[in-house]
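Work through these exercises with the structure at hand. Try each task before reading its solution.

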Amino acid sequence: MLIRYKKAFEKIAMGLLSFMPNEKDIKKLKETIHSYENEDNWVLYLWKKNDEYVGIVGLITDSNNIATIQHVSVVPSYRGEGVAKEMLQEVAELGQYESVRATEETRKFVQKCINCIDEEADDH
């Protein structure tokens with residue numbers, strides 16, 4: 001279940017973001033969280049599964065309502081279970097964004113998830 005970030009989730013969000021390669025430093029993590037809290041075009045969602053927060057996806061939206069995924073992370077013990085795929089699929093299905101893209105850093109991972117979604121659609 002996708003849940004919009006709020007200040008009460010700060011420590012959880014920082015923990016989930018810390019799994020991103022460029023978010024290891026505590027100072028950098030605090031700056032990132034600050035941006036999600038204060039920038040209108042920065043949107044952060046947490047993924048809740050079985051009463052646990054196990055994933056996070058962070059977007060930046062532009063004036064054309066195009067969302068760029070700049071952060072996507074899953075708790076290591078939940079990797080390989082399709083959590084990221086579910087998160088990205090739900091973000092796309094929110095209907096809030098004209099389209100959803102990836103950054104250079106997230107592109108490879110996002111494309112892998114999107115390919116899984118496309119393949120499942122072909123199966124039905």
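Helices are DSSP runs of H or I with at least four residues, strands are runs of E with at least two, and both are numbered from the N terminus. The model is a predicted one.

**Exercise 1. Read the fold.**
Task: find how many helices and strands the protein has, and give the order in which the elements run.

Solution.
Step 1. Count the elements: there are four helices and five strands.
Step 2. Walk from the N terminus: the order is β-α-α-β-β-β-α-β-α.

**Exercise 2. Judge the overall form.**
Task: compare the radius of gyration of the protein with that of a compact globule.

Solution.
Step 1. Take the expected value: for 124 residues, a compact globule would have a radius near 14 Å.
Step 2. Take the value of the model: it is 14 Å, which agrees with the rule.
Step 3. Add the box: along the principal axes, the C-alpha atoms fill roughly 45 × 35 × 25 Å.
Step 4. Look at the contacts with a separation of 6 or more: residues 24 or more positions apart account for 60% of them.

**Exercise 3. Describe the surface.**
Task: state what share of the residues is buried, what area the protein exposes, and how its charged side chains are divided.

Solution.
Step 1. Buried residues make up 40% of the 124.
Step 2. The exposed area is about 7400 Å², and 48% of it comes from carbon and sulfur atoms.
Step 3. There are 16 positive and 22 negative side chains. The centres of these two sets lie 7 Å apart.

**Exercise 4. Trace the strand pairing.**
Task: start at β1 and follow the antiparallel pairs to β4.

Solution.
Step 1. β1 covers residues 2-4 and is joined to β2 by three bridges, running antiparallel. Here Arg4 has Tyr45 as its bridge partner in β2.
Step 2. β2 is also antiparallel to β3, residues 52-61, with eight bridges between them. Leu46 faces Ile56 in this pairing.
Step 3. β3 pairs in turn with β4, residues 66-74, through seven bridges, again antiparallel. In this pair, Thr61 stands opposite Ala67.
Step 4. Check the cover of the two middle members of this path. β2, residues 42-49, has six of its eight residues buried. In β3, seven of the ten residues are buried, so this strand is largely enclosed by the rest of the structure.

**Exercise 5. Examine the two hairpin turns.**
Task: for Asn50 and Asn65, decide whether each is buried, partly exposed or exposed, and give its phi.

Solution.
Step 1. Recall the usual case: most residues other than glycine have a negative phi.
Step 2. Locate Asn50: it sits in the loop between β2 and β3. This hairpin has two residues between its strands.
Step 3. Read its phi: Asn50 has a positive value near 50°.
Step 4. Asn50 has a relative accessible area of 61%; the cut-off is over 50%, so Asn50 is exposed.
Step 5. Locate Asn65: it belongs to the loop between β3 and β4. That hairpin has four residues between the strands.
Step 6. Phi of Asn65 is positive too, near 65°.
Step 7. Asn65 has 33% relative accessibility; this lies between the 20% and 50% cut-offs, so Asn65 is partly exposed.

**Exercise 6. Place Leu46 and Thr106.**
Task: decide whether Leu46 and Thr106 are buried or exposed, and name contacts that each one makes.

Solution.
Step 1. Leu46 is in strand β2. Its relative accessible area is 0%, so Leu46 is buried.
Step 2. Set aside residues up to four places away in sequence. Leu46 then touches a list of residues including Met1, Phe9, Ile12, Leu16, Tyr53 and Ile56.
Step 3. Take one of these, Ile56: it is ten residues from Leu46 along the chain, and their C-alpha atoms are separated by 4.4 Å.
Step 4. Thr106 lies in helix α4, residues 104-123. With a relative accessible area of 2%, Thr106 is buried.
Step 5. Beyond its neighbours within four places in sequence, Thr106 contacts Met20, Ile69, Gln70, His71 and Val72.

**Exercise 7. Inspect helix α3.**
Task: list the buried residues of α3, and find which residue just after α3 has a positive phi.

Solution.
Step 1. α3 spans residues 83-93; Val83, Ala84, Lys85, Met87, Leu88 and Val91 are buried there.
Step 2. Recall the geometry: an α-helix has 3.6 residues a turn, so residues three or four places apart point the same way.
Step 3. Move just past α3: Gly95 takes a positive phi of about 80°.

Notes
Residues numbered from 1 in each chain as written. Predicted model: local features only at pLDDT ≥ 70, side-chain atom pairs only at ≥ 80, totals over all residues. Heavy atoms only, no water. Rg over C-alpha atoms; globule rule 2.2 N^0.38 Å. Buried < 20%, exposed > 50% of the residue type's maximum accessible area, 1.4 Å probe, protein only. Contact = heavy atoms within 4.5 Å. Areas by Shrake-Rupley, 256 points an atom, 1.4 Å probe, with all protein chains shown as cover. Lys, Arg positive; Asp, Glu negative; His and termini not counted. Charge placed at Lys NZ, Arg CZ, Asp CG, Glu CD. Pairing = 2+ DSSP bridges.
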